[in-house]
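The questions below take up the terms used to describe a protein model. Each answer sets a value against the meaning of the term and then concludes.

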Amino acid sequence: QVQLVESGGGLVQPGGSLRLSCTASGFIFSHYVISWYRQTPGKERELVASITSALNGGYTYYADSVKGRFFISRDNRANTVYLQMNSLKPEDTAVYHCKRERGQDYSGTYYPDYWGQGTQVTVSS
């Protein structure tokens with residue numbers, strides 16, 4: 001069974017740092033693009049960062065709002081993706097979810113996306 005479990009959230013002061021972890025099981029982790037999204041009540045869900053499979057170049061993506069402050073990485077041996085968040089701002093407050101993005105193998109078979117349940121990040125003085 002596919003599972004994605006986030007951890008590392010909490011309360012932090014503006015300017016502080018947190019590292020979120022997303023640990024996965026039930027699939028070949030290294031083959032998939034993994035993303036971080038965030039959601040705030042009453043606001044549209046935002047894609048924060050993504051990291052691709054090493055077989056597809058190991059590229060990363062960051063939303064403009066977090067460029068230079070947030071950094072995504074992965075440890076395939078540990079089935080874990082990290083989101084290092086620095087210089088945190090109150091507007092970073094949200095529930096952060098990791099997601100396995102939809103995949104397609106070379107025969108054309110699609111494999112669905114999956115979401116974790118999220119971890120709360122609150123940035124406040």
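Two strands are said to pair if DSSP finds at least two bridges between them. The model discussed here is predicted.

Q: What makes β7 and β8 a pair, and in which sense do they pair?
A: At least two bridges are required. β7 and strand β8 (residues 80-85) are joined over six bridges, in the antiparallel sense, so the requirement for pairing is met. One of the bridge partnerships links R74 with V81 in β8. The two strands form a hairpin with four residues between them, and N79 in the turn has a positive phi of about 50 degrees.

Q: Which side chains of strand β7 point to the buried face?
A: Along β7 (residues 70-75) the side chains alternate. F70, I72 and R74 point to one face and are buried, while F71, S73 and D75 point to the other and are not.

Q: What makes the phi of N79 worthy of remark?
A: Most residues other than glycine have a negative phi. N79 is not a glycine, yet its phi is positive, at about 50 degrees. N79 lies in the loop between β7 and β8. S87, in the loop between β8 and β9 (94-100), is also a residue other than glycine, and its phi is near 50 degrees, a positive value.

Q: Why is N79 called partly exposed?
A: Buried means under 20% relative accessible area and exposed means over 50%, with partly exposed in between. N79 has a relative accessibility of 24%, and therefore counts as partly exposed.

Q: Why are S17, N86 and S87 described as partly exposed?
A: The limits are again 20% and 50%. S17 has a relative accessible area of 40%, so S17 is partly exposed. The value for S87 is 41%, which places S87 in the partly exposed class. N86, at 22%, is partly exposed as well.

Q: How do you know that the side chains of S17 and N86 make a polar contact?
A: A polar contact needs a pair of N or O atoms within 3.5 Å, one able to donate a hydrogen and the other to accept it. The side chains of S17 and N86 make such a contact at 3.0 Å, so the distance meets the limit. S17 is placed in the loop between β2 (10-12) and β3 (18-25), whereas N86 is in the loop between β8 and β9. The side chain of N86 also makes a polar contact with the side chain of Q84, at 3.0 Å. Leaving aside neighbours within four places in sequence, N86 is in contact with G16, S17, R69, F70 and F71.

Q: Why is T119 called buried?
A: The term applies under 20% relative accessible area. T119 has a relative accessible area of 11% and is therefore buried. T119 is found in strand β13 (residues 119-123). Residues touched by T119 include E6, S7, L20 and Y96. In addition, a polar atom of the T119 side chain lies 3.2 Å from the backbone nitrogen of G9.

Q: What makes up the lining of the largest pocket?
A: The lining residues divide into seven nonpolar, six polar and two charged. About 470 Å³ of space lies in this pocket. Of the 15 residues that line the pocket, the closest to its centre are H31, S53, Q104, D105 and Y106.

Key. Residues are numbered from 1 along each chain as its sequence is written. This is a predicted model: local features need pLDDT of at least 70, side-chain atom pairs count only at pLDDT 80 or more; totals for chains, interfaces and linings use all residues. Side-chain values use heavy atoms; hydrogens and water are left out. On a 1 Å grid over the protein atoms alone, a cavity is a set of points where a 1.4 Å probe fits but cannot get out, and a pocket is an open set with protein on both sides within 12 Å along at least five of seven lines; lining residues have an atom within 4 Å of a point. Grid points are joined across faces, edges and corners, and a volume is the space filled by probe spheres set on the points. Ala, Val, Leu, Ile, Met, Phe, Trp, Tyr, Cys and Pro count as nonpolar, Asp, Glu, Lys and Arg as charged, and the others, Gly among them, as polar. Buried means under 20% relative accessible area, exposed over 50%, partly exposed in between (1.4 Å probe, protein chains only). Contact means heavy atoms within 4.5 Å.
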